[in-house]
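Open the model in your viewer and keep the selection tool at hand. We will go from stop to stop, and each stop says what to select.

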Amino acid sequence: MDNTATIGAQEQQMLAGWYADPQDSSIERWWDGQQWGQETRSAALAEGSQHSEIDALPVLKGWKEHSGFDIFGLAVSVAIVSIINNIIDIDESYVIPAAVALSVYLTIGIVYVFAFYPSYFKEKPLIRSNKAICFLNYFFGGLILGFLWNHNLKRSHEERRVLKGVSYIVAGVLFSISLACSVVLACFILI
């Protein structure tokens, strides 16, 4: 009987988690449900320990997505941006107040992506309510980044390990660039 075929069939049925490394029984390797990951840990240290990386992280440990709050956060964000755009379309003399409003939104967004979002992966998050987090992720991240941020929280909860990703850094950079453009535009108009 072909032993590799048996191992392959067994792997297909395994849930995501830490398992004895197929090549080295002294370590455990992360199985993501489809393939072996690069992450390893000592089997001796893991033995008898039922604790996971997220046990001390309240947001990840109790994560549950709330679709209604996702939709509400996205809707409020779209409404605010639409109002700012419509103000400019109605009367060009409101460009400066609209640029200020946009700058405030972007500044708060930068604070959110660099302070609040990363805190959800720590022992003392700045916000603990899953509903508020769902709302804010979509409010500041829009459809794509909001989805990615909630997905990172969901995967971290399910796989019981921190999977923060880099999308929040990308968002922070984009928000910073947008803020700079908004300020330059406002200064250009004033001149």
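First, a term for later: a crossing is left-handed if the near helix is turned anticlockwise from the far one by less than a right angle, and right-handed if clockwise. Helices (H or I, at least four residues) and strands (E, at least two) are DSSP runs, numbered from the N terminus.

This is a predicted model, in which local features need pLDDT of at least 70 and side-chain atom pairs count only at pLDDT 80 or more, while totals for chains, interfaces and linings use all residues. Residues are numbered from 1 along each chain as its sequence is written, and side-chain values use heavy atoms, with hydrogens and water left out.

**Stop 1: the sheet**

Select 17-20 and 36-42. These are β1 and β3, the edge strands, and each pairs on one side only. Strands count as paired if DSSP finds at least two bridges between them. The open sheet has three strands in the order β1-β2-β3, with antiparallel pairing. On average, neighbouring strands are turned by 35° against each other, direction ignored.

Now add 27-31, which is β2; four bridges join this strand to β1. Which residue of β2 is the bridge partner of Y19? Click R29 to see that partner. Next to look at is A20, which stands opposite E28 in β2. The hairpin from β1 to β2 runs through six residues.

Move on to β2 and β3. Four bridges pair these strands in the antiparallel sense. Select I27 and S42: they are bridge partners. The hairpin here has four residues between the strands, and G33 in this hairpin takes a positive phi near 100°.

**Stop 2: α4 against α5**

Two packed helices are described by the angle between their axes and the distance between the axes. Axes are lines fitted to C-alpha atoms, for helices over the stretch in contact, and angles run from 0 to 180 degrees between N-to-C directions.

Select 67-90 for α4, and show α5 too. Their axes come within 8 Å and cross at roughly 160°. That makes α4 roughly antiparallel to α5. The cut-offs: under 35 degrees is roughly parallel, over 145 roughly antiparallel, 65 to 115 roughly perpendicular, and the rest oblique. This crossing is left-handed.

Turn on side chains. S77, I84 and I88 of α4 meet residues of α5, including V95, A98 and Y105. Contact means heavy atoms within 4.5 Å.

**Stop 3: along α5**

Select 95-119 to isolate α5. Its end C-alpha atoms are 35 Å apart, which agrees with the 36 Å that its 25 residues should span at 1.5 Å a residue. The expected span is 1.5 Å times one less than the number of residues.

Where is the kink in α5 centred? Go to Y112: the kink there is about 40°. The bend at a residue is the angle between axes fitted to the seven residues ending there and the seven starting there.

Now pick L126, in the loop between α5 and α6. L126 lies 14 residues from Y112 in sequence and 10.0 Å away in space, C-alpha to C-alpha. Leaving aside neighbours within four places in sequence, L126 is in contact with A115, F116 and S119.

**Stop 4: α7 and its partners**

Select 167-190, which is α7; α6 packs against this helix at about 155°, with the axes 10 Å apart. The two are therefore roughly antiparallel. Their crossing is left-handed. Among the residues that meet are F140 and W149 in α6, and Y168 and F175 in α7.

Finally, show α5 with α7. They pack at about 160°, with axes 9 Å apart. That makes α5 roughly antiparallel to α7. α5 passes α7 in a left-handed crossing.
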